[in-house]
Amino acid sequence: IMLPEFSLVDQLQQPFTLARLRGKWSLITLGYTNCDCPTTLTQIKAFKSYVHQKLHAFEDLNYIFISLDGQNDTPSVLNSYLSQIDKNFIGVSGTKTALQPLLNALEISDVLPPPAEASQTFSEVFLIDPHLRLVSVFTTQQLQNPAKFLVDYASIRQFFSGKLFIY
């Protein structure tokens, strides 16, 4: 699935469009900053740390959190939230209308407004290749073991890029 054009804003109040994804691999997760359990982001951070400790590789991998609550998750809120998890993660938000093309491509429908005390995050992590294609969807269960997730990720990356990775 090719990602459609979209126009959102990152945590530094910079435009976030397809151009920011082009040429890099991206792990994207969705959620709300008012969730008390950023499990998925914590697991992605553990994977990122594992990869950098073991390989010093995959520097062309974006880690992106897309807020589904553009009204409350302003750039400054995203910046504060993500700085507590990993300052190199990219936080993105936008209006429901601006998010809709991307959500449709990721086959996410009926996104409810965030509950007053959100206790849920999406358990899917979407892998986008440098050509802006959705190439895989992972669950948080798959992220629980960074070593195994690395094998899965590297295999998919090898399949789509034709490059062999030694890990």
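# A tour of the sheet and its cores

Select strand β5, residues 90-93: Ile90 and Val92 on one side and Gly91 and Ser93 on the other are all buried, so that both faces are covered. Buried means under 20% relative accessible area, exposed over 50%, and partly exposed in between, with a 1.4 Å probe and protein chains only. Strands (E, at least two residues) and helices (H or I, at least four) are DSSP runs, numbered from the N terminus.

This is a predicted model, in which local features need pLDDT of at least 70 and side-chain atom pairs count only at pLDDT 80 or more, while totals for chains, interfaces and linings use all residues. Residues are numbered from 1 along each chain as its sequence is written, and side-chain values use heavy atoms, with hydrogens and water left out.

**The sheet**

Now show every strand. Seven of them form an open sheet of mixed pairing, in the order β2-β1-β5-β4-β3-β6-β7. β2 (15-16) and β7 are at the edges with a single partner strand each, so one side of each has no neighbour in the sheet. Two strands pair if DSSP finds at least two bridges between them.

**Either side of β5**

Add strand β1, residues 8-10. β1 runs antiparallel to β5 and is joined to it by two bridges; Asp10 is opposite Val92. Next add strand β4, residues 61-67, which pairs with β5 in the parallel sense over three bridges. Here Ile64 is opposite Ile90. Follow the chain from β4 through helix α2 (residues 75-83) to β5: this β-α-β crossover is right-handed, that is, with the strands pointing away from the viewer, the path from the first strand over the helix to the second runs clockwise.

**Asp73**

Stop in the loop between β4 and α2 and select Asp73. Which side chain of opposite charge is nearest to Asp73? It is Lys96, 15 Å away; Asp73 is buried yet has no salt bridge. A salt bridge is a side-chain nitrogen of Lys or Arg within 4 Å of a carboxyl oxygen of Asp or Glu. Lys and Arg count as positive and Asp and Glu as negative, while His and the chain ends are not counted. Not counting residues up to four places away in sequence, Asp73 touches Gly31, Tyr32, Thr33, Ser67, Leu78 and Ser93, where contact means heavy atoms within 4.5 Å.

**β3**

Select strand β3, residues 25-31. Seven of its seven residues are buried, so β3 is largely enclosed by the rest of the structure. Trp25, Leu27, Thr29 and Gly31 point one way, and Ser26, Ile28 and Leu30 point the other way. Seven bridges join β3 to β4, and the two run parallel. Along this pairing, Trp25 is opposite Leu61 and Ile28 is opposite Ile64. With strand β6 (residues 124-128), β3 pairs in the antiparallel sense over three bridges; the bridge partner of Leu27 there is Leu127.

**β6 and the hairpin**

Move to β6. Four of the five residues of β6 are buried, so this strand is also largely enclosed by the rest of the structure. β6 pairs with β7 in the antiparallel sense over five bridges, and Leu127 has Ser136 as its bridge partner in β7. The two strands form a hairpin with five residues between them, and Leu132 in the turn has a positive phi of about 70°.

**The cores**

Keep Leu127 selected. Leaving aside neighbours within four places in sequence, Leu127 is in contact with residues including Trp25, Leu27, Leu134, Val135, Phe138, Tyr153 and Ile156. Which residues touch the most other members of the largest nonpolar core? They are Leu27, Phe47, Leu61 and Leu127, in a core of 25 residues. β3, α1 (39-54), β4, α2, β6, β7 (134-139) and α5 (146-161) each supply at least two residues of this core, and α5 gives the most, with five. Apart from it lies another core, of 24 residues, among them Leu3, Ile64, Val92 and Leu106. A nonpolar core is a set of buried Ala, Val, Leu, Ile, Met, Phe, Trp, Tyr and Cys residues joined through side-chain atoms within 4.5 Å.

**Last stop: Ala46**

Select Ala46 in helix α1. Ala46 is partly exposed, with a relative accessible area of 34%. Add Asn145, 99 residues apart from Ala46 along the chain: their C-alpha atoms are separated by 8.9 Å.
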